[in-house]
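Hi,

Here is the structure I said I would pass on. Have a look, and my notes on what turned up follow right below it.

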Amino acid sequence: MERVLLLGTGPTSVQLAVILKKYAYCDEVGIVGRASVRSEGFFSALERNENRIQAHIQNQKDENMQGECSIDQVFCGYETIKGTWDTLILAVTTDAYMDVLQQISTEIVRNVKCIVLISPTFGSNFLVKSFFHRLQLNVEVISFSTYIGDTRWMTDNPSNHVLTTAIKKKVFIGSTSNSTKTIDRLDRLCQQVGITLEKMGSPIEAETRNISLYVHPPLFMNPFSLKAIFGESDVTKYVYKLFPEGPITQKLISDLRTHWQEIMNILNKIGIEEINLLKFMIDDNYPVRLESISRHDIESFPQLQVIHQEYLLYIRYTALLIDPFSKPSKEGKYFDFSAVPIRQMFVNREGELDIPRMPKEDYYRIKIIQGIAQYLGLSSPTIDKFVETYETKLKEVTNADSEQKLSNAFVIQEFRDDVQMICQEIEQYVN
């Protein structure tokens, strides 16, 4: 981590650059992104401000995340990268990993010693590892479970200023190398900003510790949520509320549980320890009061009968309709924790009708998992149902009479190359 290049021009890259400059003592930190309408504002802001960037915070307790620094080198277009970079940090969406890496010249790639995946999905490490294997290069590939916080642009438009509204208490990390100084440096870096970094035995284990894998498909790939996303409802609907304010019903909870079980079947097949979903939700994501769910129920969740598991998952969502740890008003009202609106499709900066990040990114996630299940010979009826429901809606919108240009997010995809590369590495991992 002497010469670190951040791949991606979103708010995440800006925040990470500030942290690296502040605490990692790198010799050089660079940023690269593709030339696009979206990134034009970012590159212009850097040029106007002599490559200086700023990270602001919303909560004073996160003060170690804030700062200002200069980026040493900025590249517009992955094909324009020059110099020697020992560490690449991938801060783009998971479905863009191969597209980005394939644009970088082989001469640059051959100097890379380590690549860090900031927000991968299940199998991303295998995918990137396969890319380097095909070039006959031995590169350490590190996976975080998820990005360390919630960072956005200070204004509605990309610029050189970002705002971090929250940081995670703990994230998980895993490496393809058994003995890694890079993880030790990243650990110290996270400690500086108040985040616990839990080291896992392998990258795939870290990638399974992302709550989005388990909750996003059931929450977004259902008829109720899709009607809201694609503008078929004039009334605002909310992601984490019970029907009719939100999508959470008895059936959705059942799908959530079976979806988790199908992913656990994959983990079991490739020799990875299964996850206690309820414990992961409560201990590593959002806690609830023990009056709502007992410690005994949390710990024994995987051994309980199906109906008992569904009952506890339903309680978990009802217990978080309000923030149970917030301070109530004089009227006894707690913070409306579940009032997260379901975002509707929108016109992006390219003038195309586009789909919000959730479920656009979840589509890639679930198609990869579906492909892995098929490769391993496992049935995944719930995952298959989510995919079919979502793709049917995409076809409906695409076939509707409209002069509005649609983004690539509306294209039905198989991601066959990515699935094939991942499964080739799984074969070696298992054997």
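Helix H5 (residues 124-134) meets helix H16 through Phe126, Leu127, Lys129, Ser130, Phe131, His133 and Arg134, and the H16 side of that contact is Asp418, Met421, Ile422, Gln424, Glu425, Ile426, Gln428 and Tyr429. Contact here means heavy atoms within 4.5 Å. The residues of this contact divide into seven nonpolar, four polar and four charged, where Ala, Val, Leu, Ile, Met, Phe, Trp, Tyr, Cys and Pro count as nonpolar, Asp, Glu, Lys and Arg as charged, and the others, Gly among them, as polar. The angle between H5 and H16 is about 90°, with their axes 8 Å apart, so the two are roughly perpendicular.

Before I go on, some housekeeping. This is a predicted model, in which local features need pLDDT of at least 70 and side-chain atom pairs count only at pLDDT 80 or more, while totals for chains, interfaces and linings use all residues. Residues are numbered from 1 along each chain as its sequence is written, and side-chain values use heavy atoms, with hydrogens and water left out.

As for terms, helices (H or I, at least four residues) and strands (E, at least two) are DSSP runs, numbered from the N terminus. Axes are lines fitted to C-alpha atoms, for helices over the stretch in contact, and angles run from 0 to 180 degrees between N-to-C directions. Angles under 35 degrees count as roughly parallel, over 145 as roughly antiparallel, 65 to 115 as roughly perpendicular and the rest as oblique.

H16 (residues 416-430) also packs on H14, at an angle of about 50° and with the axes 10 Å apart. That makes H14 and H16 oblique to each other. Their crossing is right-handed (the near helix is turned clockwise from the far one by less than a right angle; anticlockwise would be left-handed). On the H14 side you'll find Tyr364, Lys367, Ile368, Gly371, Ile372 and Tyr375, and they meet Asp418, Val419, Ile422, Cys423, Ile426 and Glu427 in H16. By class, this contact has eight nonpolar, one polar and three charged residues.

H14 has another packing partner, helix H15 (residues 381-399), with an angle of about 140° and axes 10 Å apart. H14 and H15 are therefore oblique too, but H14 passes H15 in a left-handed crossing. Pro359, Lys360, Tyr363, Ile366, Lys367, Ile369 and Gln370 in H14 touch Ile383, Asp384, Phe386, Val387, Tyr390 and Glu391 in H15. Those residues come out as eight nonpolar, one polar and four charged.

Pro359 is worth a click for another reason: a cis peptide bond joins Met358 to it, with omega about 25°, and Pro359 lies in helix H14. There is also a cis bond between Phe243 and Pro244, with omega about 10°. Pro244 sits in the loop between helix H9 (223-229) and helix H10 (250-269). While you're looking at the backbone, Glu50 has a positive phi, near 55°, and is not a glycine; its place is the loop between helix H2 (37-48) and strand S3 (52-57).

Now the empty space. On a 1 Å grid over the protein atoms alone, a cavity is a set of points where a 1.4 Å probe fits but cannot get out, and a pocket is an open set with protein on both sides within 12 Å along at least five of seven lines; lining residues have an atom within 4 Å of a point. Grid points are joined across faces, edges and corners, and a volume is the space filled by probe spheres set on the points.

The structure holds two cavities of 30 Å³ or more. The largest has about 140 Å³ of space, and its lining is twelve nonpolar residues, with no polar and no charged ones. Among them are Met1, Leu16, Phe144 and Cys190. Helices H1 (11-24) and H6 (181-192) each supply at least two of the lining residues.

The second largest cavity has about 40 Å³ and is lined by Ser212, Leu213, His216, Pro217, Asp362, Arg365, Ile366 and Ile369. Helix H8 (212-220) and helix H14 (357-375) are the elements that give two or more residues to that lining, which has four nonpolar, two polar and two charged residues.

Cheers
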